[in-house]
Structure formats: C-alpha cells, structure tokens
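Dear colleague,

Please find the structure for your study below. A short account of what was found in it follows.

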Amino acid sequence: MAFKSFFTLFLIHICFFASLSYAEDPTFYHDFVVSYITASPLGVPQQVIAINGKFPGPGINVTTNNNVVVNVRNKLDENLLFTWAGIQQRRSSWQDGVLGTNCPIPPKWNWTYNFQVKDQIGSFFYFPSLNLQRASGGYGGFIINNRAVIPIPFATPDGDITILIGDWYTKNHTALRKTLDAGKDLGIPDGVLINGKGPYQYNTTLVPDGIDYETIDVHPGKTYRLRVHNVGVSTTLNFRIQNHNLLLAESEGSYTVQQNYTSLDIHVGQSYSFLLTTDQNASSDYYIVASARFVNESHWKKVTGVGILRYSNSKGKAAGPLPPPPSDEFDKTFSMNQARSIRWNVSASGARPNPQGSFRYGSINVTDVYVLKNKPPVMINGKRRTTLSGNSFVNPATPIRLADQYKLKGVYKLDFPKRPLTGAPRMETSVINGTFRGFIEIILQNNDTKMQSYHVDGYAFFVVGMDYGEWTENSRGTYNKWDGIARSTIQVYPGAWSAILISLDNVGIWNIRTENLDSWYLGQETYIKVVNPEPTNKTELPIPDNALFCGALSKLQKPEDISSAASLTIVQSKVFTLLMIICTLIPIFH
C-alpha cells in the first residue's frame, strides 16, 4: 500500500512538471517526409513533390504564440528548404528557410525547424523555397488562430476551409529550370489546380475525361471561412464562386474592413480569408473558378481551375457556362481600384487585445527610402537574368546570416542602391543595410510588361499607395496614412508602382523577393540586414544547436544520414501525450 501511494505521488510530480513545461506556450509537432510521387492532376502523369505521400502537403493549424516544430526528412534527389510565407519568425531569421539565412538540407538528411508564431494571427502557407520546387508542389496551408481571450471581428464560422490555387505545368521543376537556364520563357501554363486537382469538366473541348477535381461540401444556411492562397508559378488568378458573394475578412494576418466581392484578383503568393454564406437554393452544384488574369484570355482559356461547391441538399450537377471574370481585359484600372478598396480594420483586435489601428503608422517619420525597380530580363555575362534596381542577386555559398555569425568577410556587400543603378546591370550579392527600429519606405516600380508580386520576410508592411506611371516624390500626396492594409505580399501592376512602409523592429537577415518563381530564380531578390548594435537574446535568438553548415563553413558540419536519424521531435510529442494520459488516469485508479 505504501509503495502504491509512493508511486502515485511520483506520477503526480511528473505530471505537474510536465504540465508546467507546456502550460505557457504549447508546442505542436509535425513530421514532413518529402519525396517524389507520380500524379496526374491535369491527366498527364508527372513527378510531383509530396509531403508524407500527399499532394498538397498537410495543413498546420496553431494558435497565437504557439511553438511549431517541423522535422523535415529530405527524400528528394536535391537540396531542400521550407519557408513559411508570412510567418514573421520574430527574433529568429535562422528558421526562415531561404538561402540567405539557412544552408539547404541535403538529400537523405533531415533538419528540424523550431519557431514560435509570436503575436500573429491569420492565413498563410508554406512551400519549398529552392530552385522552382514550388512549381512541383510541396506546399500547404498554415493557419494561426486567435487566442480564446481575443474575439474575432465576426461570428465564429461553421467551418474553416483551405483552398490552394495556382497555375501549373505538366513539366516538373527541373525541366522548367532547364528552360530558364536556356534563356527561354516558361510559356503558357498547362492549367490551374485547386487543392492539387485539375478542373471539373465544364467543357468537353477544354477539359479531357478522367480529371479528378476538387469538391467542397457545405450545408445550407451556414457561414464558412475560406482561406484562399495563390501558390502558383507566375499567374494572377481571379477567384469566384458561382452565385455567391465573397465577404473579405482577413489577409495575411490582418483583419480587413469587411466588403463583399463577386470575385477578387489574387496575385502570386497572396492569401485572403473570405466568409461564404450558403444562402442559395441549391438547384444544382456551383462552380468554384480560378482563372488567369492580365493575359490574352482567348489563348489562355485552358488556364482555368474549376472546382465544385456542393450543398448537402443539391439537386444536380453544375452545368452551363462558368461565371464570367471581370470584363476589363484591356482596362487594368478595375483591378487596381479593387486592390485599393482593401482596407485595414483599425478597430478590430489582431493577435493582441489592442485594436490594430492603435499602431498609427502614418504619423511615424520615415528614416530611409529605397526605390526598387524591375525591368524585363536582360543579358549579363551571357546569361539571361532578372534584376532589381539594376542588380541581379547571386546567392552566396555561405548564407549571409551564417557568415555574420562567424565573422566571414567578402561573402556579401552592404551596398544595395537606394535608387536604381544608371549603368550596366550587374550580378552581385548586394544587400540593403537596414537600421534597427528604423521606419523604411520602399517603392516597388514595375517597368516590365508582366504583373509582379513582392514578398518581404520577417515583417508585415503597410500598403500605402499604388498607381500607374513612374513614382515621384509628389506621389506621396496620394498615400493612405490611416487604414492601409498590413500584409507581407503586394502586387505591382505592369507600368505601375506600389509603396510600402516597414517598421524594422525584427532583427535578422530578411529576404525581399518577387513571388513569381521564374523571375525569382533568375535573380530578382535581395535581403535587408537589420542588426541591433547591442547584441542581446531579447532582440535575436542565438544560432540553433542544429544549424547546418555549408560553403566556407562546411568543415564544421558533422555527417548525418536520415536512414539512421530518429525523429526526436515526434518521440517527444508521443511521450508528452502518454504522460498526459497517465495523469488523466491517476484519479481513476487511486
């Protein structure tokens, strides 16, 4: 009896300390086994990047301030990194998953990401960041929910649905790379996927038999939250659902002023949350459509994704023509005005109890201004390259953040120009010198004929203006200094500019890139270096114990073979779960 009491007391102590370890900020564990599978989303068998045998990959669903541990096993035949688009990686660019901060995970190796989703809410996605790999898949949704103590600015939806849309080629990413390396364009995509599936056969001429399509099942009289992400290669897509309004509620971590749209242009890399009310009579199923924009639509008809919204009381299959896109093929002002209508909900609480609008960005003095201009591809040293402000970025063999940690010289230059270069374009590892706690204005000028969208890692920036023509100092008179949306990916229309403001309060090395995979691959990116002159763990976490080494530091890397590597993080998760079960059973058997 004494032994039983002692053993029970022992278990209670274990449970107490285990609960303390996880009480403040819970940790969620994921195991990603990344491999090739054969799939036929457009009816043509091809090599696709899968996670745990699935395409698209699994969703990550956490809450503000949770810790996320993702153990990645690379079973591809090439290097791999994952980046978490829109996840700010506060104080830890070590976890950002791009070549400026991380050495790649070699084939047959594993590496574990470990980060906190600090002070964030919203809809995001992850993807493989190297060498056009996203064009072959490997992506998935990433949801950060509000803490229970902070209300969301709408009634709790009856369901939460992730929709991943994107243009798609039947050639895999290695073949697409060869096309770009040969100095050619990728050409018209072969189609558009919705959640990794091809189009419903709405037209027997354009869509062959046997295509597996996405079906979203709903009940009448309900409201669903749709989180829609453009994870494609380079095509803006117009998203719409037949006979339904889309009530915009959130974008990339910011609650928006709620407005109804019959359709919305979603640019590459962008994410939106809509509230969908199932208020129709369900006389038939309804089309879900994602179609190419800013192209010659007569030549791009096949580049249309079509899924099905099916009510539980539906009376038949969807039939007839698709709901039409905006009738502005030669008038881009409609799309820009639509983009300008997306505003920050200044009275709603985000990740913290105080209203989003309590950060009055419009009253902060700008400390630095950069004009980043892109042009059509150019030839540099006999290679077809893309540029930002005349510089085509070259990724160094040793990541920038790692080079700083070990005080290596000559890896990069802090000389990215504040204004576009006037001479011949160059190929350099040229980085923006940011000022910690500065407030930077960046003007993105698109002098190409194609739509571009740009992403900034580590931050949410404020979209304060966009217009056609060349940006000038006088353009600031049009800026929105009150409720411009805070987000991480912004479109820049051909022959136009977009202006953003960033509060540089997150120490690290942060990627600024085009989300168009072809332009990114050819050099249209840079980094911004933000350093606290007084090093402290309060503004930047130390280098992780499992950091990979490469380039000039490759001699520091110890061999590791995934075939003999255990997934410690998953073991930890199972041990914790077992402990919690034991703790639950103690009162029953005591």
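Two strands are said to pair if DSSP finds at least two bridges between them. Strands (E, at least two residues) are DSSP runs, numbered from the N terminus.

This is a predicted model, in which local features need pLDDT of at least 70, side-chain atom pairs count only at pLDDT 80 or more, and totals for chains, interfaces and linings use all residues. Residues are numbered from 1 along each chain as its sequence is written, and side-chain values use heavy atoms, with hydrogens and water left out.

Strand β5 (residues 82-85) is joined to β7 by four bridges, and the two run antiparallel. Within β7, Pro 128 is the bridge partner of Phe 82. Five bridges link β7 to strand β8 (residues 140-145), again in an antiparallel arrangement. There, Phe 125 stands opposite Gly 141 of β8.

These strands belong to an open sheet of four, in the order β3-β8-β7-β5, with mixed pairing. Its edge strands, β3 (60-63) and β5, each pair on one side only.

How many residues of strand β7 are buried (under 20% relative accessible area, 1.4 Å probe, protein chains only)? Seven of the seven, residues 122-128, are buried, so β7 is largely enclosed by the rest of the structure. In a regular strand, side chains alternate between the two faces of the sheet. Gly 122, Phe 124, Tyr 126 and Pro 128 point one way from β7, while Ser 123, Phe 125 and Phe 127 point the other way.

Yours faithfully

Terms used
Buried < 20%, exposed > 50% of the residue type's maximum accessible area, 1.4 Å probe, protein only.
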